[in-house]
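The exercises below ask for a careful reading of helix packing, sheet order and burial in a predicted model. Each task is followed by a solution that proceeds step by step.

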Amino acid sequence: MKLYDGGVYLVNESEIIADTSEAAAILNSKTGSAPAKEEAKKGTLAYNILKEHNTSGSMDELQIKFDKLTSHDITFVGIIQTARASGLEKFPIPYVLTNCHNSLCAVGGTINEDDHMFGLSCAKKYGGVYVPPHQAVIHQYAREMLAGGGKMILGSDSHTRYGALGTMAMGEGGPELVKQLLSQTYDIKMPGVVAVYLKGSLKPGVGPQDVAIAIIGEVFDKGYVKNKVMEFVGPGVANLSVDTRIGIDVMTTETTCLSSIWSTDDKVKEWYDIHGRSEDFKEIHPAPVSYYDGCIEIDLDEIEPMIAMPFHPSNAYTIRELNANLMDILDDCEKRAKVSFNGAVDLNLKEKVRNGRLYVDQGIIAGCAGGGFENICDAADILAGASIGPDEFTLSVYPASMPVYMELVKNGAAAKIMQTGAVLKTAFCGPCFGAGDTPANNGFSIRHSTRNFPNREGSKVQNGQIASVALMDARSIAATAANKGYLTPATDFDVNYTKPKYFFDKTIYENRIYDSKGVAHPEEPIKLGPNIKDWPEMSALTENLLLKVVSEIHDPVTTTDELIPSGETSSYRSNPLGLAEFTLSRKDPDYVPRAKEVQKAEKARIAGGHPCQELPELKAVMSVVKTKFPEASHENFGIGSTIFAVKPGDGSAREQAASCQKVLGGWANIANEYATKRYRSNLINWGMLPFIIPEGELPFANGDYIWVPGIRKAVEEKADVITAYAVKNGELKEFTMTLGDLTDDEREIILKGCLINYNRVS
């Protein structure tokens, strides 16, 4: 795999020419012309799809309107509640509400099914589509029923990626979907576009997850595609099945790219034909000469079976490399665990080594990444006639939709899998985010799913419980299962892959899914279970701010799972106050009480009282502030909490990673950088200031107060630099921060306190 240092020209989708001083002469010799770089940039797939959906009139400052929206059951309640508070009357574009995360309705009592009934009633009232639990995971349904060539889809899940079908899709926090429901726009600068140039063909036994892990391992730490669009091109695309392209594509989220798109061909046309949607196919290719801001060149012939070890998809090794350096790599993972869990609990992977081989406790093939038809059929061919054995090892397989499940039953693949002792289950995303198939303490699971962050497999470090996940391709998981739990690459097996043809039968959907066909029924009552609560009132930004640092995180990257845990807490996503109790609970258990203590002072101020009565330490702090700012008074400043993290927001699109902080009185985050655009957008949409501070020694520490004078004026006047003061040892220590680029609408959202206030209908 090769990463180019600079931009490249792509000629006829078959040849890469690096952007050097000789590029023009080479282009002239090959094509008879050398278009200017800015003109050649207009030849990418990404540029043209974005242009068709841009409403601003400027391709530098985009204002995008999407064709369709999709959400699942731990996001759609908050989204619709926010939109309702802003005057929602009808879904203006198709909006699909799937139920694939909170499907286990024993978790949280009636909460999960109450959320489902809320979704069904809203689909009826506002004119949407409702997909009941166990029918399909969100992204499989979107592929089967929503995607279309040249279209754009916005989803409230980070793995919203349908680029292999010619659809540019993006995963964002709920407020960005709210904007679309209110006929507003998705505002971004024109993103960079990176070519992913494929050549060659995959060896038998190598699958999409192997390609994806190899890419993530190469680019993540470098930030090579961060907030850019990955555009898959080159002669190798034609050598991949559509299911393989889909499996690679969905994992692009883990590179921190903004979106993805692929050139399309007759194989994609056949895919649409099979799904009864031939009219939605569109063949798309880059212009004869197109320019990219970077290029990842991949020889598919060289890809080997891969494994992403705990605790990130970028912790990538070939399985061959892992087996050859087993104890060293396991030792490294154990050291990573000590950092991730602050030494609170010991992970012991080296005890998994038996007779020199790594034994795993569990295999799972599931969800939007692993549950595809071809993945499971290939796994079934590897498992044919095998036994997974009667020991600790278990294997669970989750087809991504009922139509896929039904075809596996019809063609016999399901029987091959079940005969081994494995379990075939219904469509569910739980194994990916920690709400299903939780291993035993110190268990080690291999999964064809999307993430292996800390805590996503059910760990409760505060209770002394820990498990870990490695990501692998379905084929090597099946090979490991056939070897009764001993880690084995699929290329070690000589298998006749039957490659059965897929037949899509949408009868199940026609019999079970509620589709309003875009017709709203305003008279329909909304069903509100007792856990479904409105968002609390949120204040506008004050003239000045006094912030208390209530958590300080120095990990290289902080995931949204660490900011607000997934798993069983997902049942509380429809209850802002209830969910907020879990904020940072597995990273910094003292965060919630610290934040609440500060919030009491702000609530007293808003009520007309004196904040020092609730938080006596403020008296001494304000005495120091008044030495330089004598006009400071609780009548002209707000009091809130903030956290510092080096690089927060990797992973999920969940808005609650930000909103829970806001609900507890958070006014800001301070970071060296933000891991993803979507987390920063979530902060902004919840009225939180996304401060950036240079790397180096911090001028403040956990427990310190920070005085930010004139912050409202600074936001209004688009100040480049924000001057702040740490209150330390009876003195004010001056330092500076920035807010990065903000659109005019984003500034107004921050000034008004949140997106709800920005849109509120009186």
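**Exercise 1.** Determine at what angle the axes of helix α4 and helix α5 cross, and how the pair is then classed.

*Solution.* Begin with the axes: those of α4 (residues 76-85) and α5 (residues 111-126) come within 10 Å, and they cross at roughly 45 degrees. An angle under 35 degrees would count as roughly parallel, whereas one of 65 to 115 would count as roughly perpendicular; α4 is therefore oblique to α5. Next comes the handedness, and here α4 passes α5 in a left-handed crossing. The residues that make the contact are Phe-76, Val-77, Ile-80, Gln-81 and Arg-84 on the side of α4, and Asp-115, Phe-118, Gly-119, Cys-122 and Tyr-126 on the side of α5. Sorted by class, the residues of this contact comprise 6 nonpolar, 2 polar and 2 charged.

**Exercise 2.** Carry out the analysis for helix α14 and helix α18, and state which residues of α18 are buried.

*Solution.* The first step again concerns geometry: α14 (residues 373-383) and α18 (residues 474-482) pack at an angle of about 25 degrees, and their axes lie 8 Å apart. Because angles under 35 degrees count as roughly parallel, α14 is roughly parallel to α18. The crossing in which α14 passes α18 is right-handed. In the second step one lists the partners, and finds that Glu-374, Asn-375, Asp-378, Ala-379, Ile-382 and Leu-383 of α14 meet Ala-474, Arg-475, Ala-478, Ala-479, Ala-481 and Ala-482 of α18. By class, this contact contains 8 nonpolar, 1 polar and 3 charged residues.

The third step turns to burial, where α18 proves to be mostly covered, with 9 of its 9 residues buried. The buried residues of α18 are Ala-474, Arg-475, Ser-476, Ile-477, Ala-478, Ala-479, Thr-480, Ala-481 and Ala-482. After α18 comes Lys-484, whose phi is positive, near 55 degrees.

**Exercise 3.** Work out the strand order of the open sheet of 3 strands, and describe how helix α1 packs on that sheet.

*Solution.* The order of this open sheet is β3-β2-β14, and its pairing is antiparallel. Its edge strands are β3 and β14 (289-292), each of which pairs on one side only. From one strand to the next, the twist averages 25 degrees. Helix α1 (residues 23-31) packs on the sheet and touches β2, β3 and β14, while its direction makes about 150 degrees with that of β3.

Now follow the pairing of β2 (residues 8-11) with β3 (residues 15-18), which is antiparallel and extends over 4 bridges. Within this pairing, Tyr-9 stands opposite Ile-17 in β3, and Val-11 stands opposite Glu-15 in β3. The hairpin of the two strands has 3 residues between them, and in it Asn-12 takes a positive phi near 50 degrees.

**Exercise 4.** Identify which strands stand at the edges of the open sheet of 5 strands, and say how β1 is joined to β15.

*Solution.* The strand order is β1-β15-β11-β12-β13, and the pairing is mixed. The edges are taken by β1 (2-3) and β13; each has a single partner strand, so one side of each is left without a neighbour in the sheet. For β1, the joining strand to examine is β15 (residues 294-299), to which 2 bridges connect it in an antiparallel arrangement. Here Leu-3 stands opposite Ile-296 in β15.

**Exercise 5.** Establish which residues of helix α3 are buried, and decide whether Leu-62 is buried or exposed.

*Solution.* In α3 (residues 45-53) the buried residues are Leu-45, Ala-46, Tyr-47, Ile-49, Leu-50 and His-53. Their cover includes β4 (61-64), β8 (152-155), β9 (168-171), β11 (193-199), β12 (229-233) and β13 (259-262). Leu-62 is found in strand β4, and, since buried means under 20% relative accessible area, its 1% relative accessibility makes Leu-62 count as buried. Leaving aside residues up to four places away in sequence, Leu-62 touches Leu-50, Asn-54, Ser-56, Tyr-186, Asp-187, Ile-188, Lys-189, Met-190 and Pro-191. As a last step, consider Thr-185, which is 123 residues from Leu-62 along the chain, although their C-alpha atoms are separated by 8.9 Å.

Notes: Residues numbered from 1 in each chain as written. Predicted model: local features only at pLDDT ≥ 70, side-chain atom pairs only at ≥ 80, totals over all residues. Heavy atoms only, no water. Pairing = 2+ DSSP bridges. Axes fitted to C-alpha atoms, helices over the stretch in contact; angles between N-to-C directions. Contact = heavy atoms within 4.5 Å. Buried < 20%, exposed > 50% of the residue type's maximum accessible area, 1.4 Å probe, protein only. Parallel < 35°, antiparallel > 145°, perpendicular 65-115°, else oblique. Left-handed = near helix turned anticlockwise from the far one by under 90°. Nonpolar A, V, L, I, M, F, W, Y, C, P; charged D, E, K, R; others polar.
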